[in-house]
Amino acid sequence: MERVVDLDEAVLEVERRRSHWEASGLTVEPVTWRDETREWPQQLELDRAAVVNADSFGVVLTGLGGELSVVLFRGGWTDVDYFAGIDDAGTMPTTAIGSAAAFGDQLDSYVARVFGLLASATV
């Protein structure tokens with residue numbers, strides 16, 4: 001898989017927002033990593049150091065009546081699933097991502113869409 005996005009930089013976009021999200025009432029699960037070189041099915045790892053060739057990471061946010069699951073692939077795309085209410089759930093449309101900063105911007109839009117929260121002004 002082509003390396004379009006530096007996943008280690010992109011995960012910092014999650015961590016920069018974590019305290020704001022938690023202060024707003026969300027639970028932010030630990031980031032999980034997937035190693036491309038492992039045999040299928042690849043096990044997700046919590047410890048980044050245990051992943052030699054990361055091809056994706058994911059994070060799940062819950063609370064305020066909703067849930068958001070975001071997986072970023074180093075090839076520059078995301079898989080985003082959400083639940084924002086009984087009649088408002090599914091897979092969110094996404095666009096190509098070319099940088100960690102662009103991922104942060106998209107992450108803000110996902111959180112705003114599902115939970116109605118804006119990113120912290122300190123991000």
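This passage walks through the helices, the nonpolar core, the aromatic pairs and a few backbone details of the structure. The model is a predicted one, and every value below was computed from it.

A good place to start is helix α1, which covers residues 7–23. The helix has 17 residues and reaches 25 Å from its first C-alpha to its last, close to the 24 Å expected at 1.5 Å a residue. It is not straight throughout, since α1 carries a kink of about 40° centred on Arg-17. Arg-17 also appears among the buried residues of α1, together with Leu-7, Ala-10, Val-11, Glu-13, Val-14, Arg-18 and Trp-21. The cover over these buried residues includes β1 (27–28), β2, β3, β4 and α2.

Helix α2, at 100–115, comes next. Its 16 residues should span 22 Å at 1.5 Å a residue, and the end C-alpha atoms are indeed 22 Å apart. Buried in α2 are Ala-100, Phe-103, Gly-104, Gln-106, Leu-107, Asp-108, Tyr-110, Val-111, Val-114 and Phe-115. They pack against α1, β3, β4 and β5. Just after the helix, Gly-116 takes a positive phi of about 75°.

Ala-100 gives a handy view of how α2 meets α1. This residue sits in helix α2 and counts as buried, because its relative accessibility of 8% falls under the 20% limit. Beyond the residues up to four places away in sequence, Ala-100 touches Val-5, Glu-9, Ala-10 and Glu-13. With Glu-13 the separation is 87 residues in sequence but 7.1 Å in space, C-alpha to C-alpha.

In soluble globular proteins, nonpolar side chains tend to be buried together. Here the largest nonpolar core holds 30 residues, and Phe-57, Leu-61, Leu-68 and Phe-103 touch the most other members. Two or more residues each are supplied by α1, β3, β4 (66–73), β5 (77–85) and α2. The largest share, seven residues, comes from α2. Phe-103 shows the reach of one such residue: leaving aside neighbours within four places in sequence, Phe-103 is in contact with Ala-10, Glu-13, Val-14, Phe-57, Val-70, Leu-72, Thr-78 and Ile-97.

The aromatic residues deserve a closer look. A pair of aromatic rings is described by the distance of the centres and the angle of the planes. The count for this model comes to three aromatic pairs. One of them joins Phe-57 and Phe-103 edge-to-face, with 5.8 Å centre to centre and 85° between the planes. Phe-57 belongs to strand β3 and Phe-103 to helix α2, so the pair ties together parts that are 46 residues apart in sequence. Both partners are buried: the relative accessible area is 1% for Phe-57 and 0% for Phe-103. Another pair, Phe-73 with Trp-77, is stacked, at 5.0 Å centre to centre and 20° between the planes. In this pair Phe-73 is buried, with a relative accessible area of 10%, whereas Trp-77 counts as partly exposed at 39% relative accessibility.

Ring pairs also link Trp-33, Phe-57 and Phe-103 into a cluster. Trp-33 has a charged companion as well, for Arg-48 lies over the face of Trp-33 at 4.7 Å from the ring centre.

Some loop features round off the picture. The loop between β2 (32–35) and β3 (54–63) holds Gln-42, and Pro-41 is found in that loop too. The peptide bond from Trp-40 to Pro-41 is cis, with omega near -5°. Gln-42 counts as buried, because its relative accessibility is 19% and the limit for buried is under 20%. Apart from neighbours within four places in sequence, Gln-42 is in contact with Arg-34, Asp-35 and Glu-36. Further along, Leu-64 lies in the loop between β3 and β4. The phi of Leu-64 is near 55°, a positive value in a residue other than glycine.

Terms used: Residues are numbered from 1 along each chain as its sequence is written. This is a predicted model: local features need pLDDT of at least 70, side-chain atom pairs count only at pLDDT 80 or more; totals for chains, interfaces and linings use all residues. Side-chain values use heavy atoms; hydrogens and water are left out. Helices (H or I, at least four residues) and strands (E, at least two) are DSSP runs, numbered from the N terminus. Buried means under 20% relative accessible area, exposed over 50%, partly exposed in between (1.4 Å probe, protein chains only). Contact means heavy atoms within 4.5 Å. A nonpolar core is a set of buried Ala, Val, Leu, Ile, Met, Phe, Trp, Tyr and Cys residues joined through side-chain atoms within 4.5 Å. Rings of Phe, Tyr and Trp (its six-membered ring) pair if their centres lie within 6.5 Å; planes under 30 degrees apart count as stacked, over 60 as edge-to-face and the rest as tilted. A charge sits over a ring if NZ of Lys or CZ of Arg is within 6 Å of the ring centre and within 35 degrees of the ring normal. The expected span of a helix is 1.5 Å times one less than its number of residues. The bend at a residue is the angle between axes fitted to the seven residues ending there and the seven starting there.
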